[in-house]
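Here's a quick walk through two strands and the neighbours they pair with. Have the structure open while you read.

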Amino acid sequence: MSIITLLTDFGTKDEYVGLMKGVILSIDPDATIIDITHQIDPQDLVQAAYTITSSYTYFPKGTVHVVVVDPGVGSDRAILALALEGHIFLAPNNGVLTLLLREGRVESLVHVDNSDFFLETVSQTFHGRDIFAPIAGRLSKGLDIHALGDQFNHKNLVSLPLRQPYLSEKGEWIGAIVWIDRFGNLITNIDQNSLDKFCRANPQKKILFQIGDHKITGLSRNYASVKAQSPLAVIGSRGYLEIAINCGDAGKYFSAQKGDLVRVSLTG
Amino acid sequence: MSIITLLTDFGTKDEYVGLMKGVILSIDPDATIIDITHQIDPQDLVQAAYTITSSYTYFPKGTVHVVVVDPGVGSDRAILALALEGHIFLAPNNGVLTLLLREGRVESLVHVDNSDFFLETVSQTFHGRDIFAPIAGRLSKGLDIHALGDQFNHKNLVSLPLRQPYLSEKGEWIGAIVWIDRFGNLITNIDQNSLDKFCRANPQKKILFQIGDHKITGLSRNYASVKAQSPLAVIGSRGYLEIAINCGDAGKYFSAQKGDLVRVSLTG
Amino acid sequence: MSIITLLTDFGTKDEYVGLMKGVILSIDPDATIIDITHQIDPQDLVQAAYTITSSYTYFPKGTVHVVVVDPGVGSDRAILALALEGHIFLAPNNGVLTLLLREGRVESLVHVDNSDFFLETVSQTFHGRDIFAPIAGRLSKGLDIHALGDQFNHKNLVSLPLRQPYLSEKGEWIGAIVWIDRFGNLITNIDQNSLDKFCRANPQKKILFQIGDHKITGLSRNYASVKAQSPLAVIGSRGYLEIAINCGDAGKYFSAQKGDLVRVSLTG
C-alpha cells in the first residue's frame, strides 16, 4: 500500500495528469494516486509552495508527493528528491520547496539524475510524464531515494523570494493575499501565531482588518458567525488569516486580486 | 473493499478535496474514494440534494456517501449519519438530505458528536477534513454508525423548501430549472411520472413545452432525434424533463438560468 | 489488477463521471479507474481522436479505454469494442477511433449489442452510465471481447474527415491548430516526422513558422530556451508542433482559435 500525491499547474482539460497516472501504474500497479490539485495558476510557484506545505501532513508518513510546477522544464534546472518528516517530495529546483524546507526536518536531499529510472524517451516539454511519474512509481515501490542520484548541496537550492508580513511605521501589521480560493475567500500570508502575538501586545484593544478602504472589526470564529453576505475575518483551515463573505464571494465583493495588501491594526 | 463517495461544493482549484482523501486514507488505506462532483455551486443545497438522490443507487450497498455543502460549518448545526436503503450518508443537518429522506427507507439516523473519531485539532472552517473525512474512514473500515453518537430526532431535521411543479389556473403544468449541466442542458424538477400522468389525462392531445417565449412540441426520445442546433424536450438521465439543443447549449440558446420556469401544456 | 481509463466530454460539474465509476465498481470492485480527461470540448470528436491516440501507450497492456464523446447517444449509431496493440477500446462508431485505427494493429473489432451486459434500465441520453460503464467493468474482470457481440464490418466504420497538413503552391507546409491546452499552447496537426522531412529537403535553410502575421524563426528545444513572455515553436509532448509563449499564454497572445492555420517555410 503506497500513496502518491500529485500537485501541478497542469489543469484537467488535457491528458497530462492522466498520462502521469498511466506511467505510475505501469510501474507500481498498487499505488493509490491522489490529486491535491492541478489548478495551481500556471507557473505560480508561491501558491504551489504554500499548498504543499499545508497539505502533506494530512497524508500518512511514507507518502510520495510529486510537485510539478515547472516553467524550466527541459532546461538545466535540477530535479530534487527530498525526504522530510517521513515523507518524500519530488520537485524541480525552482523554489517550490522553500516553505517546506523551513518548516520540516530534512532527512535527505538528492539530485535526481539517474536516467535508468526515467522513461526510455524523455521529451523536452513534459518531465511530469517522462521523469517525475516513473520516479514516483519506483519510490512508492520501495526504491531507496539515494538510488536516484548524488546528494544535492543545500547551497544550490533555489529559494523563492516570499513576501512576508511586516510592521509598518504606523504600527500596522501588513500582509498580502496569497491565494483566492474557490469560494472567493482571500487567503493571506499572515499566520495565526504572528496574529496572536500582535494582538497580545495590546490585549485591551480591538483588532481591525483593512482591505482597500473596507474595514472589518474583530476576528470571527467561523463564516456563519456574521450575517449572510457580510464580510468577516477568520483563521482559515491552513492556519492563515482569511477575509471572507458569509455565503458570498469576497474576491468579487472586494474586487481583490492576488498580491493585494491586507492591513491589521489595533484600535479603541 | 469499501467505497466512499464525495459530493461537495469545494471545487478542484484548492487542496480541500485532496486533504479529505489524505485523512481518509490515513485511517482506511484500502478505501476506494470516488468523486461524485465538487462543482456544486457554492452553498447550493438544492442542487446537492438532487444530485445525491439521483446518484447513490449507482453505487454498491455499503457505500459511504459524504455530502459536504456546509455554509454553517463551525456553527452549532449538527452533523448527521444516515443509514438508508443499505447505504450510509454523512451530511450537515441543513436540508441537503431532504429529497433522499423522501425516497428511501431510513434505517438509522444518528447525531455525529463523538469527537473521539474527529481529527485531534478541529478547525472552525473545514469540517470536511477534520470531521467528515475521519468519520468516513472509520465507517468504511466497519465502525458501527451508532458509535458516532445518539439517535437524532426526526423532528429536528432541517428540511429544504423545495419548489415543486404545480398546476396553474389555465391548466398548465409549471416547473422550474433546477440545474444547467456541462452541456447546457436545462434540467427541471418535473419528473417522468408526473409528466406521464399529466399527458395521460388527455391522450389525444399533443404536448407543448414553453420556456420564456420559445415553444417546443412533443417529447423526443434522445438528443439526436432532432436536427443539430435544434431545441428539444427529453427525459434526462436523472428521470426528469430536460430542455436541450442537439449538439448545442440550451443554457446559452435560451439565456436560461436556474430558477427559470418551464411550462407544459396540452394542445390541438 | 485491472485499469480502466475514461475519456469524455462530460466535464466535472455534474455527477455523470462519478456514476460511471459507481457502475464500474459495482461490477469490478478491484478496478483502478483513471480519468484521462473529461474536458474534451462538447462533441469535439477530433480532439478526442487525437487525445486517445497519444495517451493509450502510456498505460499498461490490458487496459480498457472508454471513450464517450457521443452526440448520437440513443440513436442507432453502433457501440464498438476494439482490441488493438494489446489494449481494449470502447467507443461509439462516430469516427472517434479514426486516428487510432491508422496507427495500431487491429486484433478484434466487435459490435457491442449483447444487452445482457448493460444496466437493466438503459436511458436514451446516458449510455456512458448504462452501457459503456457496465461493459468496461466486465472487460476489466476478464470477459472476452467476443461475448459483447458479433464482429463489426470495417466497411461500416465511420471515419472522421481529419484535416491534414499540406504543401501549398508556394512551397509552404500548412497545418492547423487542433487544440489549445491549459497553458495556452497551440497544438498543431504537424507531426515531428513530417516536419523533419520538410526541413531535410533544404538543410542549409532556416525554418520559419507563421501564425497570422506573426513570425517565429527556428525550432526551440523547450519552453525555457527563449526569454519569458517570448514566442517559440517546439515539438510538444504528443510529438506535434506547438506554438507557445515561455511563461505565457499563446492562445491569448495570438488571439488564436482551434482551426487557425500555422504555416511553415524555409528561408535564407
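Let's start with a turn: S4(A) and S5(A) make a hairpin with two residues between them, and Glu85(A) in that turn has a positive phi of about 50 degrees. Keep in mind that this is a predicted model.

The two strands of that hairpin, S4 (residues 79–84) and S5 of chain A, run antiparallel and are joined by six bridges. S5(A) has another partner too: strand S3 (residues 64–68) of chain A pairs with S5(A) in the parallel sense, over three bridges.

How buried is S5(A), residues 87–92? Six of its six residues are buried, so the rest of the structure largely encloses this strand. In a regular strand, side chains alternate between the two faces of the sheet. Here both faces are covered: His87(A), Phe89(A) and Ala91(A) are buried on one side, and Ile88(A), Leu90(A) and Pro92(A) are buried on the other.

Now over to chain C. Strand S9 (residues 186–191) is mostly covered, with five of its six residues buried. Strand S8 (residues 173–180) of chain C pairs with S9(C) in the antiparallel sense through three bridges. Five residues sit between the strands of the S8(C)–S9(C) hairpin, where Gly184(C) takes a positive phi near 85 degrees. S9(C) is also joined by three bridges to strand S13 (residues 240–245) of chain C, and these two run antiparallel.

Here are some residue pairs to look up across these strands:

| Residue | Opposite residue | Strand of the opposite residue |
|---|---|---|
| Val66(A) | Leu90(A) | S5(A) |
| Leu82(A) | Phe89(A) | S5(A) |
| Trp179(C) | Ile187(C) | S9(C) |
| Asp191(C) | Tyr240(C) | S13(C) |

Definitions and conventions
Residues are numbered from 1 along each chain as its sequence is written. Chains are lettered from A and ligands numbered from 1 in the order in which they are written. This is a predicted model: local features need pLDDT of at least 70, side-chain atom pairs count only at pLDDT 80 or more; totals for chains, interfaces and linings use all residues. Side-chain values use heavy atoms; hydrogens and water are left out. Buried means under 20% relative accessible area, exposed over 50%, partly exposed in between (1.4 Å probe, protein chains only). Helices (H or I, at least four residues) and strands (E, at least two) are DSSP runs, numbered from the N terminus. Two strands pair if DSSP finds at least two bridges between them.
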